[in-house]
Structures are given as structure tokens and as C-alpha cells.
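Thanks for coming. Please have the sequence and the model open while I talk.

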Amino acid sequence: MARPGARVEADVAAFTDDLRSALGEALVSLVLHGSAAGNEWVPGRSDINTALVVPRIDVDVLERLAPPVRRWRERSFALPVLMDEEYLAGARDTFPMELDDIRRQHRLLAGTDLFAALTLDPAALRRECEYEARGKLLRLRALFLELGRDPGAIEPLMEGSLKSFLIVLRHLLRVRGRDGGHGYADVLAAGERVLGPLPVMGRLLHHRTGDAPLAPAALRAEFGAYLAEIERIVRAVDGLGA
């Protein structure tokens, strides 16, 4: 895995300056999170993720932010996670997975770091973990019904869903007190120590970084094995409340 290079770092600095200029004193906290803040940067594929906190979100704030956000969307910047201080305080019980990921892997770009000291409710984390696991499994099955007749669509379907299920696995491990780290490869290795081998997820993860292309003739069988691995993760999430 890699860290972002000098060009990405220069873009992050320029983006920060643009948001400072647009918001002035209304910028409370701006952080970089996700792959650009860690060691999982994939050139040409990874987005640059940020989270922004302001005192209060109104039309004036949105209008001031819209021009710089539109400009930077063309440079691989994802839409920022935009919150006001009241929303951040209330969202800890609603979106604990997302906030926990930001808390554990972020870098302060401007303002005050409001994420480092966030406290999250383990019960809320377990509930969202179950909701996300079940919902994403339903969507994976539905998308196969829609796309599965086209062999060329199976690999993108698996690869496109992999990140979501690794995030679920990351939080499953945390709720069980088996934190395996933040990076996808570390999470998968820790998950296998708890759930047993997850070979298809491993092959997909290597393929995501360009290391090991999947064999086209085996894709349907691979999807069946992948689905079985995902169902094992969902069953483990179900067991969190036992």
C-alpha cells in the first residue's frame, strides 16, 4: 500500500486554503480522512475524503462552499462530509461507524480537531453494524439478479462491494474487542483469525491494487464463494447481540 504523493498533498493544501477563504471564521474544523490520511492510497482510484464542521449550516454557508467544492470535485475530491456542531453531537448515536472511522484515521487541516475526542456508544455501533451488514447483503443479491447474466459485470459487482463489507468487518472486530487495525489488508487478516479463511475477499483486495487479476472463466464460481464469505460475516454480526 502507499501514501499520497506530493501532488495530492499540494492539492489538499490548496483545497484547505480555498475553504478557509470561502468560510473565514465559520470554519470550525476541517480534517482529511480515509485512504488519503493513511497507507491505503491507490493512485487513480482513491478519492480524497474530508469532513468539515461549521457552527451552523444555512443557505449562506452552502452557497459559499458550493464553488470551491465544485472545482475540487474535478480533482478527485469527494464531496466533504458537512456537519454543524449540533449535528455532530447528535450523530454519534446514528452514524457511529462513520464517525469512528474518521476518529481513528484523520489529519487536522484547519481549525480545531473535534474528532479526536469523540466518544461513541458501543450499542449504537453494534446496531449500525448489523443494519449495514444486512442491507448490503440484500443489495448484493439484488444486483446479481440484475447483472448476473452478464459475466463481465460480476467482477465489478464483487470488487465494488468489497470495501463496504471490509468496513463492516472492521467494526465487527472492534465491537468484539478484536481491533485488527484500520487498513483493509490488516482488517481482512484479523477477520480471518476470527472467522476462518476468506480467500475470495483476499483475491479481490489484491486485484483492487492491481496485483492479481481474476480469471474470467471462474467468475460465477467466485461470486458463489464470495457470497458465502459475506454471509459468514453477517452471521457473525448477528451474534453480537447474543
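I will go through the strands, then the nonpolar cores, then a few single residues.

One thing before the strands: this is a predicted model.

Let us start with strand E1, residues 29-33. How many of its residues are buried? The count is 5 of 5, so E1 is mostly covered, given that buried means under 20% relative accessible area. We can split that by face. On one side there are Ser-29, Val-31 and His-33, and on the other Leu-30 and Leu-32; every one of these is buried, and both faces are covered.

Next, the partners of E1. Strand E2 is joined to E1 by 5 bridges, and the two run antiparallel. If you want to find this pairing on the screen, look for Leu-30, which stands opposite Leu-52 in E2. Another place to look is Leu-32, whose bridge partner in E2 is Thr-50. E1 also pairs with strand E4, again in the antiparallel sense, over 5 bridges. Leu-30 turns up here too, with Ala-110 as its bridge partner in E4.

Now E2 itself, residues 49-54. Why call this strand largely enclosed by the rest of the structure? Because 5 of its 6 residues are buried. E2 pairs with strand E3, residues 81-84, and here the sense is parallel, over 4 bridges. Val-53 has Met-83 as its bridge partner in E3, and Val-54 stands opposite Asp-84.

What lies between those two strands in the β-α-β unit? It is helix H2, residues 59-73, and the unit made by E2, H2 and E3 is right-handed.

On to the nonpolar cores. As background, nonpolar side chains in soluble globular proteins tend to be buried together. In this model the largest nonpolar core has 37 residues. The members that touch the most other members are Leu-169, Leu-172, Met-201, Tyr-226, Ile-230 and Ile-233. Which elements give two or more residues to this core? They are the helices H5, H6, H7, H8 and H9. H6 gives the most, with 10 residues.

A second core is separate from that one and has 21 residues. Among its members are Leu-27, Leu-32, Leu-52 and Trp-72. You have met two of these names already: Leu-32 is one of the buried residues of E1, and Leu-52 is the residue of E2 opposite Leu-30.

To see the largest core from one residue, take Ile-233. Setting aside residues up to four places away in sequence, Ile-233 touches Val-168, Leu-169, Leu-172, Leu-195 and Met-201.

Now the single residues. Glu-229 is in helix H9. Is a charged partner within reach, or out of reach, of a salt bridge for Glu-229? Out of reach: Glu-229 is buried yet has no salt bridge, and the nearest side chain of opposite charge, Arg-232, is 5.3 Å away. The cut-off for a salt bridge is 4 Å. Apart from neighbours within four places in sequence, the contacts of Glu-229 are Leu-198, Pro-199, Val-200 and Met-201.

Ser-35 sits in the loop between E1 and E2. Is Ser-35 buried or exposed? Its relative accessibility is 16%, so Ser-35 counts as buried. Neighbours within four places in sequence aside, Ser-35 is in contact with Pro-4, Glu-40, Trp-41, Ser-46, Asp-47 and Gln-105.

Ala-117 is also in a loop, the one between E4 and H5. With 65% relative accessibility, Ala-117 counts as exposed. Its C-alpha atom is separated by 12 Å from that of Ala-89, and the two residues are 28 apart along the chain.

The last residue is Ser-76, in the loop between H2 and E3. Its relative accessible area is 39%, so Ser-76 is partly exposed. What is phi of Ser-76 near? The value is near 70°, which is positive, and this is a residue other than glycine. For comparison, most residues other than glycine have a negative phi.

That is the end of the tour.

How values were computed
Residues numbered from 1 in each chain as written. Predicted model: local features only at pLDDT ≥ 70, side-chain atom pairs only at ≥ 80, totals over all residues. Heavy atoms only, no water. Buried < 20%, exposed > 50% of the residue type's maximum accessible area, 1.4 Å probe, protein only. Pairing = 2+ DSSP bridges. Right-handed = clockwise from strand over helix to strand, strands pointing away. Core = buried A, V, L, I, M, F, W, Y, C linked by side-chain atoms within 4.5 Å. Contact = heavy atoms within 4.5 Å. Lys, Arg positive; Asp, Glu negative; His and termini not counted.
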